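I opened this entry to look up one residue and then the pockets, taking each in turn.

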Amino acid sequence: MSTETQTDSQSLIHLDGVKKVFLTDEVETHALAGIFLDIHQGEYVSIAGPSGCGKSTLLSILGLLDTPSEGLYRLNGHPVEGLSFADRARLRNREIGFIFQSFNLIGDLSVAENVELPLTYRNDVSSAERKRRTTEALDRVGMSHRGRHLPNQLSGGQQQRVAVARALAGGPSVLLADEPTGNLDSRNGEAVMNLLSELHTGGATIVMVTHDDRYAHRADRTIHLFDGRVVDDQNSAAPADAPVALTA
Ligand code: ADP
């Protein structure tokens with residue numbers, strides 16, 4: 001019988017006392033020192049904090065690329081502890097869409113092949129469905145006219161749009177973006193941030209690490225980390241032009 005609170009059971013991401021200790025040459029680094037966090041479907045969350053505070057470690061754990069040393073992580077209702085390597089990879093493929101600072105496209109695959117690749121690991125998606133989803137994802141980011149190009153024939157901004165399409169094609173529960181504008185000039189950075197905002201408006205759940213304050217504020221909630229702990233967790237202020245209730 002579950003003793004979870006209603007809020008917890010509705011969380012897409014639920015972290016309960018998550019710690020991460022790295023051991024190197026007898027030095028212990030406490031990268032995460034006990035994270036308690038709930039993120040709900042449809043939220044747009046940015047993770048901020050000084051270099052070394054644990055942002056990348058947290059994102060790696062959320063993305064099932066790394067495992068906590070202690071604590072509990074439940075993703076979309078699935079307890080993650082104790083999963084085999086293969087089950088973890090399967091869950092990651094279905095539930096998580098990654099967007100990296102350096103795009104991470106495969107240079108000798110075309111744009112469309114890059115977007116399609118993660119779907120080829122799924123036995124529940126037919127070849128025709130893969131093509132359909134690839135076309136739809138490229139359409140959503142405005143890149144369907146470049147499907148046969150190679151990544152190095154595109155600008156950085158275009159490559160990042162393709163990476164967003166690849167992240168979207170599997171229909172993930174959450175998009176995890178690690179400094180998605182870090183390798184882009186301000187014009188292309190702005191375009192990618194506008195794309196993420198559009199996706200959020202369309203219902204996507206986004207968790208983004210960014211150093212750039214201009215972009216952190218695009219999210220509707222900002223979580224500040226310091227020394228591996230959440231030290232601040234704030235919803236963005238209501239817009240200045242929000243309607244004000246009038247009294248007679
Ligand atoms: P941020 O992304 O906020 O810059 P990180 O999550 O990369 O911070 O790192 C948090 C702390 O953990 C840092 O002190 C870093 O040196 C340490 N760390 C991160 N990854 C490793 C690793 N693989 N091995 C040892 N220490 C690590």
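I began with threonine 222, and I count this residue as buried because its relative accessibility is 11%, under the 20% cut-off. I keep in mind that the model is a predicted one. I then placed threonine 222 in the secondary structure and found the residue in strand S9, which covers residues 221-226. Looking at its side chain, I noted a polar contact of 3.3 Å with the side chain of serine 46. When I set aside the neighbours within four places in sequence, the contacts of threonine 222 were Ser46, Ala48, Ala216, Asp232, Asp233 and Gln234.

I turned next to the largest pocket, which holds about 550 Å³ of space. I listed 23 lining residues for this pocket, and those nearest its centre are Asn93, Ile96, Phe98, Pro118 and Tyr121. Two or more lining residues come from each of helix H3 (85-95), strand S6 (96-99), helix H4 (111-120) and helix H6 (156-169), and I noted that H3 gives the most, with six residues. Sorting the lining by character, I recorded 15 nonpolar, four polar and four charged residues.

I closed with the second largest pocket, for which I wrote down a volume of about 280 Å³. Its lining has 19 residues, with Arg140, Leu168, Gly171, Pro172 and Ala204 nearest the centre. I found at least two lining residues from each of helix H5 (127-140), H6 and strand S7 (174-178), while the largest share, five residues, is that of H5. The lining of this second largest pocket I sorted into eight nonpolar, seven polar and four charged residues.

Methods: Residues are numbered from 1 along each chain as its sequence is written. This is a predicted model: local features need pLDDT of at least 70, side-chain atom pairs count only at pLDDT 80 or more; totals for chains, interfaces and linings use all residues. Side-chain values use heavy atoms; hydrogens and water are left out. Helices (H or I, at least four residues) and strands (E, at least two) are DSSP runs, numbered from the N terminus. Buried means under 20% relative accessible area, exposed over 50%, partly exposed in between (1.4 Å probe, protein chains only). A polar contact is a pair of N or O atoms within 3.5 Å; within protein, one must be able to donate a hydrogen and the other to accept it, and residues adjacent in sequence count only if both atoms are side-chain atoms. Contact means heavy atoms within 4.5 Å. On a 1 Å grid over the protein atoms alone, a cavity is a set of points where a 1.4 Å probe fits but cannot get out, and a pocket is an open set with protein on both sides within 12 Å along at least five of seven lines; lining residues have an atom within 4 Å of a point. Grid points are joined across faces, edges and corners, and a volume is the space filled by probe spheres set on the points. Ala, Val, Leu, Ile, Met, Phe, Trp, Tyr, Cys and Pro count as nonpolar, Asp, Glu, Lys and Arg as charged, and the others, Gly among them, as polar.
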